[in-house]
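Biologist: I'd like to learn how to read a fold like this one. Could you walk me through it?

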Amino acid sequence: MKEKNLKRKDRIEAPKGPLGVLIPGIGGAVSTTFIAGVELVRKGLAEPIGSLSQLATIRLGKRTERRSPKIKDFIPLASLDDLVFGGWDIYEANAFEAALYARVLRRDHLDSIKDFLSTVRPMKAVFDRQFVRNLDGTFIKEDRDLRARVEALKEDIALFRLTHGAERCVMIWCGSTEIFLKQEDDIHGSIEALQKAIDRNDPRIPPSMLYAVAALESGVPFINGAPNLTIDIPAMLELSVTRNVPIAGKDFKTGQTLMKTILAPGLKARMLGLEGWYSTNILGNRDGLVLDDKDSFRTKEESKLSVLEYILQPHLYPTLYKNYYHKVTINYYPPRGDNKEGWDCIDIFGWLGYPMQIKVDFLCRDSILAAPLVADLALFMDLAQRVGMSGIQEWLSFYFKSPMHKEDLYPEHDLFIQLMKLKNTLRYLMGEEQITHFGLDYYMNGESE
Ligand SMILES: NC(=O)c1ccc[n+]([C@@H]2O[C@H](COP(=O)([O-])OP(=O)(O)OC[C@H]3O[C@@H](n4cnc5c(N)ncnc54)[C@H](O)[C@@H]3O)[C@@H](O)[C@H]2O)c1
């Protein structure tokens with residue numbers, strides 16, 4: 001992405017017309033909670049709590065200027081009113097039926113928008129059980145040929161655009177977590193290698209990659225809400241840059257990892273040591289069922305484990321963080337449904353090495369935490385596309401457990417640095433000063449500029 005390609009301030013056009021949100025996994029708990037939530041907000045029946053794009057303000061200029069507009073009034077984002085929804089699932093249920101199944105939202109909430117939700121129907125999915133073993137849906141495209149599957153998805157996208165008059169679309173993967181895959185250069189190393197692998201029906205190519213290729217080749221930004229490898233490979237980066245389309249991922253930062261990236265920067269800021277961090281969860285939704293398969297869990301585990309290492313930087317602080325023990329488990333426990341319970345036992349040490357303990361018991365709702373992230377990501381990725389940003393959108397790290405990053409950089413996990421990065425990007429795009437929180441300038445030479 002070259003700076004001269006970026007449209008800034010006066011050239012960012014206001015978004016016109018509908019914005020299509022295309023979701024692989026549209027019948028899932030996160031997707032239906034997102035779609036229903038947007039409609040409830042549009043109808044004035046609920047508030048978009050948890051959504052930065054809808055609620056947060058952004059400070060501009062000096063503190064003395066007292067300029068803090070809402071983000072949505074500051075930068076030309078699409079409105080929630082503009083969103084139209086489409087997507088794919090391996091189960092045929094419409095969004096109303098699927099939301100009932102997910103048991104996240106209350107019946108009175110769902111009944112009040114039943115007519116709308118019933119019109120949101122999935123398209124047949126591209127699915128391969130080899131990559132998600134614990135599901136057995138049958139609403140799937142029959143063609144076994146991988147290239148034909150990509151083409152069928154592209155036709156779906158084109159038809160959706162036409163039917164909804166949605167010139168602009170974003171695709172956001174809210175499908176199940178696929179099994180753990182490692183980058184392999186012979187199929188992932190370049191777009192040529194990936195295209196060849198698709199053409200020869202290489203069995204190592206998972207459905208999520210076919211969706212991503214279809215999106216990028218259709219000029220549709222792709223966001224990965226799951227920990228799957230999907231777009232985290234050189235081939236996809238190349239495709240997104242050559243097609244001038246942004247990509248972002250991966251794995252929505254909710255629940256326990258959200259807490260971890262709030263707490264760990266605080267411990268490090270105060271130079272408190274860490275002996276061990278034991279995290280365990282019970283979860284009873286379909287995601288929990290999928291993660292009961294050890295290979296799908298491995299994908300999730302990698303995503304969850306990396307967080308502390310990058311925040312605590314043991315190589316810089318060996319006395320504090322060299323040998324801490326970090327364990328994460330997820331247990332499938334049906335009675336809890338989507339209402340996950342996450343426990344953290346954190347063993348820390350302070351002055352002279354004296355031990356202390358922190359216990360966190362987070363009774364959260366997975367999809368309630370994830371839905372506003374889907375909304376924000378759809379709006380920000382549409383913005384990125386309109387201003388001409390392509391490739392990895394590191395400024396959206398705020399939303400992810402494993403933020404994508406340039407090869408020679410390390411990821412930024414600290415929630416507060418991520419937030420600053422996001423807001424400074426918005427300021428930059430709108431031609432406002434970056435805010436560094438330096439502050440000494442207010443006291444220098446008696447001036448307060
Ligand atoms: N809820 C959270 O807090 C959270 C946080 C981070 C990541 N995630 C990830 O988001 C994803 C969705 O979570 P969820 O709780 O909604 O799960 P879910 O099981 O309720 O929904 C996933 C949906 O994807 C569908 N699906 C699976 N493979 C598909 C394919 N190839 N094409 C189309 N549809 C397919 C399933 O049928 C299901 O309806 C999961 O990968 C999960 O790990 C969720």
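Modeller: We'll go through the domains, the two sheets and a helix pair. Keep in mind that this is a predicted model.

Biologist: Fine. Which domains does the assignment give for the chain?

Modeller: Domain 1 is made of two stretches, 3-252 + 368-429, and domain 2 covers 255-363. Taken over C-alpha atoms, their centres are 26 Å apart. Domain 1 puts 26 residues into the contact, and domain 2 puts in 28.

Biologist: What is the make-up of the side of domain 1 that touches domain 2?

Modeller: That side has 13 nonpolar, seven polar and six charged residues.

Biologist: Now the sheets. How should I read the one with four strands?

Modeller: The general idea is that strands of a sheet pair through backbone hydrogen bonds, either parallel or antiparallel. In this case the order is β8-β7-β9-β10, the sheet is open, and the pairing is mixed. β8 (325-332) and β10 (355-363) each have a single partner strand, so each has one side without a neighbour in the sheet. On average, neighbouring strands here are turned by 10° against each other, direction ignored.

Biologist: In which sense do β7 and β8 pair?

Modeller: Those two are parallel, over eight bridges. Look for Trp277, which stands opposite His326 in β8. On the other pairing, β7 (residues 273-283) runs antiparallel to β9 (residues 341-349), with nine bridges joining them. Ser279 has Asp344 of β9 as its bridge partner, and Gly273 stands opposite Phe349 in β9.

Biologist: Which helix packs on that sheet?

Modeller: That's α12 (residues 255-269), which touches β7, β9 and β10. The direction of α12 makes about 20° with that of β9.

Biologist: What is the strand order in the sheet of seven strands?

Modeller: Read it as β3-β2-β1-β4-β5-β6-β11, an open sheet with parallel pairing. At the edges you find β3 (123-124) and β11 (391-392); each has a single partner strand, so one side of each has no neighbour in the sheet. For one pairing inside this sheet, take β5 (residues 222-224) and β6 (residues 246-249), which run parallel and are joined by three bridges. Phe222 has Ile247 of β6 as its bridge partner.

Biologist: Which strands does α16 lie across?

Modeller: Helix α16 (residues 366-387) lies across β1 (19-24), β2 (83-89), β4 (168-173), β5 and β6. Against β4, α16 runs at about 135°.

Biologist: Last topic: how do I describe two packed helices?

Modeller: In general, you give the angle between their axes and the distance between the axes. For α7 (residues 146-164) and α10 (residues 207-217), the axes come within 9 Å and cross at roughly 50°. The two helices are therefore oblique to each other, and their crossing is right-handed.

Biologist: Which residues make the contact between them?

Modeller: On α7 they are Leu146, Arg149, Val150, Leu153, Lys154 and Ile157, and on α10 they are Leu210, Tyr211, Val213, Ala214 and Glu217. By type, the contact of α7 with α10 has eight nonpolar, no polar and three charged residues.

How values were computed:
Residues are numbered from 1 along each chain as its sequence is written. This is a predicted model: local features need pLDDT of at least 70, side-chain atom pairs count only at pLDDT 80 or more; totals for chains, interfaces and linings use all residues. Axes are lines fitted to C-alpha atoms, for helices over the stretch in contact, and angles run from 0 to 180 degrees between N-to-C directions. Angles under 35 degrees count as roughly parallel, over 145 as roughly antiparallel, 65 to 115 as roughly perpendicular and the rest as oblique. A crossing is left-handed if the near helix is turned anticlockwise from the far one by less than a right angle, and right-handed if clockwise. Two residues are in contact if their C-beta atoms, placed from the backbone, lie within 7 Å. Ala, Val, Leu, Ile, Met, Phe, Trp, Tyr, Cys and Pro count as nonpolar, Asp, Glu, Lys and Arg as charged, and the others, Gly among them, as polar. Domain bounds come from an automatic or database domain assignment. Two strands pair if DSSP finds at least two bridges between them.
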